[in-house]
Amino acid sequence: MSTYSSDRPIAIFHEHPDWFRPLFNELDARGIPYERLNAAEHTYDPAQIELPYSLFFNRMSPSAYLRNNEQGIFYTLGLLAQLEARGIPVVNGYKAFQYETSKALQITLLERLGLPYPKARVINHPSQAVKAAEGLRYPVVVKANIGGSGAGIVRYDSAEELAQAVKAGEVKLGIDNTALVQEYVVARGGHINRVETLGGKYLYAIKVYTNGESFNLCPADICQTTNGKELTRNACALDAPKNGLKVEAFTPEQEVIDAIERIVQEAGIDVGGIEYMVDERDGQIYYYDVNALSNFVADAVNVIGFNPHERLVDYLEKKAQLKLQEA
């Protein structure tokens, strides 16, 4: 039974049509008022002082450009700054979204925290890709600064292959013309590790098994467990790829959990997932992706033993109520 008492709704700001249905279902079940805001078609008035929301939950995706909604990405930064300036409580606010939309900022954060990541250089023009790769271990990937769902990542197995791609005009840097040239890591055990966090704290972890052919490891798109059990992919898009990914729950070492909590807390991420892997070649842990837009794994109860959306809504209720009490 919900204890939520405000007549002001929680705003859910998003542009993807399907990813957040489990969240909406949980809010509906509790009778919590909320308003869905279309991040692809939105406007705000910087002079407006009073806003009709008890809480603003930013669910804008950096992969919006894949759905022809790239205008929402850069717009959202200004909107979040406006909301925070007016004292509206925001979940995954301006700071978090800056990290979400910049892989360059992500590796700068990892470097500052002293955490290992695959060696990388940042470029702003394809002509610099070969030079940037000097001293890196091949294969390398060119990874768009603003990606999402594995988009904008291309692997090159040699300097010659990369040089040929540059010459042919095939190296694309993404919508902000910035990219990483980064060492490609061969994942030990054939899986990457994804840790979800809530309120800056560890929530759960999964291993995602992949054949290495796809960079789209969205947990909502995973179709079965490692024992072959089919999952109900109720959190993902209706046209989500049948990508053959498999998943299982696990608990990381405490050292890893501590490191990941440091990452999300430093990045201001209220709800997010961090990905890391162990390199098959040297046994080193590498952190490589910081996600502020984090989709929980499909059919979570069958994978991790509980419904993370229940805990997410608990968190949203608490954040909204605390602000109401302050007011």
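In this predicted model, strands E9 and E10 pair in the antiparallel sense. Strand E10 covers residues 201-209, and 8 bridges link the two strands. One bridge places Thr197 opposite Tyr202 of E10. The two strands form a hairpin with 2 residues between them. In that hairpin, Gly199 adopts a positive phi near 60°.

E9 also pairs with strand E13, residues 271-278. This pairing is antiparallel too, with 6 bridges. Here Glu196 has Gly273 of E13 as its bridge partner.

The two pairings of E9 read as follows.

| Partner of E9 | Residues of partner | Sense | Bridges |
|---|---|---|---|
| E10 | 201-209 | antiparallel | 8 bridges |
| E13 | 271-278 | antiparallel | 6 bridges |

How is E9 placed relative to the rest of the structure? E9 spans residues 191-198, and 8 of its 8 residues are buried, so the strand is largely enclosed by the rest of the structure. Side chains in a regular strand alternate between the two faces of the sheet. Both faces of E9 are covered. On one side, His191, Asn193, Val195 and Thr197 are buried. On the other side, Ile192, Arg194, Glu196 and Leu198 are buried.

Now the whole chain. The protein chain holds 9 helices and 14 strands. It has 327 residues, of which 55% count as buried. Its exposed area is about 14,500 Å², with 48% supplied by carbon and sulfur atoms. Among contacts between residues at least 6 apart in sequence, 70% join residues at least 24 apart.

Terms used: Residues numbered from 1 in each chain as written. Predicted model: local features only at pLDDT ≥ 70, side-chain atom pairs only at ≥ 80, totals over all residues. Heavy atoms only, no water. Helix = DSSP H or I, 4+ residues; strand = E, 2+ residues; numbered from the N terminus. Buried < 20%, exposed > 50% of the residue type's maximum accessible area, 1.4 Å probe, protein only. Contact = heavy atoms within 4.5 Å. Areas by Shrake-Rupley, 256 points an atom, 1.4 Å probe, with all protein chains shown as cover. Pairing = 2+ DSSP bridges.
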